[in-house]
Amino acid sequence: MSEKKIPYKIYLSEEEMPKQWYNMRADMKNKPAPLLNPGTLKPMTFDDLTPVFCDELVHQELDDTTAYFDIPQEILNFYKMYRPAPLVRAYCLEEKLQTPAKIYYKFEGNNTSGSHKLNSAIAQAYYAKKQGLTGVTTETGAGQWGTALSMACSYLGLDCKVYMVKVSYEQKPFRREVMRTYGASVTPSPSMQTQVGRKILAEHPGTTGSLGCAISEAVEVATSTPGYRYVLGSVLNQVLLHQSIIGLETKAALDKYGVKPDIIIGCAGGGSNLGGLISPFMGQVLRGEANYRFIAVEPASCPSFTRGKFAYDFCDTGMVCPLAKMYTLGSGFIPSANHAGGLRYHGMSSILSQLYHDGLMEAVAVEQTSVFQAAEMFARVEGILPAPESSHAIRVAIDEALKCKQTGEEKTIVFGLTGTGYFDMVAYEKFHDGKMTDYIPTDADLQVGFDGIPKFPGNEF
């Protein structure tokens with residue numbers, strides 16, 4: 001089909017929308033290592049996990065053989081409010097860069113939460129409601145996940161308690177107010193409300209918090225409050241399963257016009273966006289049907305992939321969660337108070353960690369001033385103010401397009417635009433005022449976190 005016939009925005013019809021989620025693990029020869037009980041060091045069972053998570057979500061978490069899960073009709077009905085999300089051909093960016101590369105981005109910001117997080121939030125809230133629970137607890141970094149979950153809970157009539165990383169709570173008051181508008185309670189973390197929060201504050205007075213801290217608090221409240229369960233916006237297998245809707249739509253839209261990408265790029269914090277975007281494409285690679293180049297982009301200030309260790313580690317700072325084998329900086333690592341927001345988690349999805357360890361994916365770390373330079377260029381030529389997280393992917397997409405300009409190669413680049421940055425104006429203000437700095441942890445800084453990684457036979461790194 002002629003390139004001129006490819007529209008700026010490609011939408012799927014309702015009939016073309018995916019009706020199932022795809023589970024990458026089913027096609028992985030090297031399965032992600034199981035979650036371990038930190039007390040016994042044995043794999044976590046269904047009974048171990050159900051006091052923390054909803055029953056059906058535990059089934060999804062543990063299932064590494066079922067390739068496709070039917071999406072319940074109630075969730076499909078909710079998806080119709082903002083899906084399909086458009087796949088956009090970035091003609092204006094291509095022209096600005098004067099590159100022969102063809103650039104596409106999957107835009108997930110067409111909902112009030114402003115991000116892709118709603119795809120899993122509605123699924124997790126649905127299963128909690130179906131189980132007859134009263135409410136859920138969670139953590140949030142930049143606030144997109146907390147906003148999405150508060151929307152989903154409001155829609156289904158569930159209570160929602162959000163523990164928001166303190167630095168983001170202070171930097172993004174309007175994001176906090178959106179959550180409260182949808183009925184959620186929002187607490188800056190670490191807080192004095194929980195035992196683990198008080199312990200962290202005693203050990204680190206004045207800390208700006210981390211996702212690991214907020215997870216610990218949310219889990220404590222969920223497990224100590226009858227009728228509540230904990231839900232998570234990234235990292236877990238179940239979340240990547242729900243987010244596969246992003247990649248499935250992207251692939252269907254590209255297939256519709258006979259387009260095959262060469263490079264697929266996503267920002268990487270815990271893995272929800274990246275894992276969702278690459279899932280069907282990675283499935284083809286795992287089955288030997290196609291080849292693609294996958295690039296995970298993370299902040300240089302929190303470089304889990306590029307400088308972390310592949311080992312079993314706690315998923316939270318309070319060390320109350322199971323051990324996951326992942327690329328990690330150590331659960332005690334407290335990242336700098338930068339503007340990478342949702343990319344400030346110390347670890348990475350076990351699925352993506354295994355794929356990266358097996359050489360099926362690349363990773364690159366970028367500094368935040370270069371990220372905001374890319375964000376500003378993108379906003380000026382494509383008309384969307386991108387979230388700081390998404391802008392990490394934009395930075396590398398631009399870099400790859402400029403390489404094509406140097407070589408003359410006509411590569412097709414696809415990246416994930418996870419959402420909008422309209423609640424991130426403090427970050428943009430600091431960038432414009434020249435007050436943004438690039439903090440890169442030293443080896444000594446990272447060693448503090450590494451020293452806290454559990455040591456037991458078989459967990460050498």
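## Contacts and burial

Let's start with how the chain holds together: taking contacts between residues at least 6 apart in sequence, 76% of them link residues at least 24 apart. Keep in mind that this is a predicted model. As for burial, 64% of the chain's 461 residues count as buried.

## Overall build

On the secondary-structure side, the chain has 18 helices and 15 strands. Its radius of gyration is 20 Å, close to the 23 Å that the globule rule gives for 461 residues, so the chain is as compact as a globular protein of that length. If you want a feel for the dimensions, the C-alpha trace spans about 60 × 50 × 45 Å along its principal axes.

## Surface and charge

The chain's accessible surface adds up to about 16,900 Å², and carbon and sulfur atoms contribute 51% of that. Counting charged side chains gives 43 positive and 49 negative ones. The centres of those two sets sit 3 Å apart.

## A seven-stranded sheet

One feature to trace in the viewer is an open sheet of 7 strands with mixed pairing. Read across, the order goes β1-β4-β5-β15-β10-β11-β14. At the edges you'll find β1 (9–10) and β14 (362–366), each pairing on one side only.

So what does the β14 edge pair with? Its partner is strand β11 (residues 293–299), with the two running parallel and joined by 5 bridges. To find your way into this pairing, look for valine 297, whose bridge partner in β14 is valine 364. As background, strands of a sheet pair through backbone hydrogen bonds, either parallel or antiparallel.

Conventions
Residues numbered from 1 in each chain as written. Predicted model: local features only at pLDDT ≥ 70, side-chain atom pairs only at ≥ 80, totals over all residues. Heavy atoms only, no water. Helix = DSSP H or I, 4+ residues; strand = E, 2+ residues; numbered from the N terminus. Rg over C-alpha atoms; globule rule 2.2 N^0.38 Å. Buried < 20%, exposed > 50% of the residue type's maximum accessible area, 1.4 Å probe, protein only. Contact = heavy atoms within 4.5 Å. Areas by Shrake-Rupley, 256 points an atom, 1.4 Å probe, with all protein chains shown as cover. Lys, Arg positive; Asp, Glu negative; His and termini not counted. Charge placed at Lys NZ, Arg CZ, Asp CG, Glu CD. Pairing = 2+ DSSP bridges.
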